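Trainee: I'm new to this one and don't want to get lost. Please pick one spot for a close look, and then walk me onward from there at an easy pace.

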Amino acid sequence: MRAKLQGMNEHQESIAAELLRTNHLANQALELTQSGEWHVDGNDLSVFCSSERNARICGDPPRAPHWRYSLKSEVWQHIHEADARLAEEISAKFQDVLSGSVASFDATYLYKRPSDGQSIWLRTLVRVHRSGNGRVERIFGVNQDVTTLKQAEMAILEAKRAAEDANRAKSDFLANMSHEIR
């Protein structure tokens, strides 16, 4: 009996060590990608349950230990304040997930951080888990701060436009000079 208990204890310790290792790796991945996780419980679709990391990325006020926010008056409000048009697009995608017409979505949008008023670009990946009868049990999501990438993308587009404008001006100048020479 003692040997059996010893074996069970060693097995539990092994499982606990593996769980700690797995959690450490998951946390490292989230930290390296500037990401944070969140969920919405199917029993109360009005409450957004954030991780501490996600709240920090989004500049949401600290609410330890459960990090709960109103989906409508806080999360959606911050998205709408940053860009109303994008907010409508994201809201439509979220409604599609809730209705079951899609199981997941991937969206990039602006979010106005309440802590400092800055707007950041978030990429959100969302997946819904449903019960056997189709009821929403939980909505899982990951937010990634892609502000630096989005700013680089916009700078490249601006440089491309400037180069196209310069090329157009050069072509116009050469056409005018050619006409003047003739």
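Mentor: Let's start with Phe173, which is partly exposed, with a relative accessible area of 49%. That label applies because buried would need a value under 20% and exposed a value over 50%. Keep in mind as we go that this is a predicted model. You'll find Phe173 in helix α5, the stretch running from residue 147 to residue 181. Phe173 also has company: together with Leu174, Met177 and Ile181, Phe173 makes a nonpolar surface patch of about 440 Å².

Stay on α5 for a moment, but switch from nonpolar side chains to charged ones. Side chains of opposite charge can pair when their charged atoms come close. One such pair is Arg161 with Glu158, whose side chains form a salt bridge with an N to O distance of 2.9 Å. These two sit three residues apart in helix α5, so about one helical turn separates them. As for cover, Arg161 is partly exposed at 45% relative accessible area, and Glu158 is partly exposed at 45% too.

Another pair on this helix is Glu153 and Lys150, with a salt bridge of 3.4 Å from N to O. Here again the spacing is three residues in α5, so the two are separated by about one helical turn. Glu153 is partly exposed, and its relative accessible area is 39%. Counted over the model, there are nine salt bridges.

Now for a pair with another kind of spacing. Glu74 and Arg63 join their side chains in a salt bridge, 2.7 Å from N to O. This one links distant parts of the chain: Glu74 belongs to helix α3, Arg63 belongs to the loop between α2 and β3, and 11 residues separate them. What about their cover, buried or partly exposed? Glu74 is buried, with a relative accessible area of 17%, while Arg63 is partly exposed at 30%. Glu74 falls in the buried group because the limit is under 20%. If you skip residues up to four places away in sequence, Glu74 touches Arg63 and Tyr69.

Since Glu74 brought us to α3, have a look at that helix as a whole. It covers residues 71-82, which makes 12 residues, and it reaches 16 Å from its first C-alpha to its last, close to the 16 Å expected at 1.5 Å a residue. Its buried residues are Leu71, Glu74, Val75, Trp76, His78, Ile79 and Ala82. Try turning the view until you look down the axis of α3: those buried residues fall within an arc of 165 degrees, so they line one face of the helix. And what do they pack against? Their partners are the strands β2 (47-50), β3 (68-70), β4 (104-112) and β5 (119-130), plus helix α4 (84-99).

Go back to the loop between α2 and β3, where Arg63 sits, as it holds a couple of backbone details you could easily miss. Ala64 and Pro65 are joined by a cis peptide bond, with omega at about 5 degrees. Pro65 is in that loop, and the α2 helix before it spans residues 52-58. Further along the loop, Trp67 has a positive phi of about 50 degrees although it isn't a glycine. Trp67 counts as buried, with 11% relative accessibility.

Next comes Arg68, which lies in strand β3. Arg68 counts as partly exposed, at 43% relative accessibility. Leaving out neighbours within four places in sequence, Arg68 is in contact with Val47, Phe48, Cys49 and Arg63. So Arg63 turns up on both contact lists, the one for Glu74 and the one for Arg68. There's a sequence jump to see here as well: the C-alpha atoms of Arg68 and Ser50 are 6.2 Å apart, with their positions 18 residues apart along the chain.

One last stop has a similar theme. Gly117 is in the loop between β4 and β5 and counts as partly exposed at 35% relative accessibility. Gly117 and Gly59 are 58 residues apart in sequence, and their C-alpha atoms are 8.8 Å apart in space.

Technical notes. Residues numbered from 1 in each chain as written. Predicted model: local features only at pLDDT ≥ 70, side-chain atom pairs only at ≥ 80, totals over all residues. Heavy atoms only, no water. Helix = DSSP H or I, 4+ residues; strand = E, 2+ residues; numbered from the N terminus. Expected span 1.5 Å × (residues − 1). Buried < 20%, exposed > 50% of the residue type's maximum accessible area, 1.4 Å probe, protein only. Arc of directions from axis to C-beta. Contact = heavy atoms within 4.5 Å. Patch = residues over 30% accessible without salt bridge, like charges linked within 9 Å, V, L, I, M, F, W, Y side chains within 5 Å. Areas by Shrake-Rupley, 256 points an atom, 1.4 Å probe, with all protein chains shown as cover. Salt bridge = Lys/Arg side-chain N within 4 Å of Asp/Glu carboxyl O.
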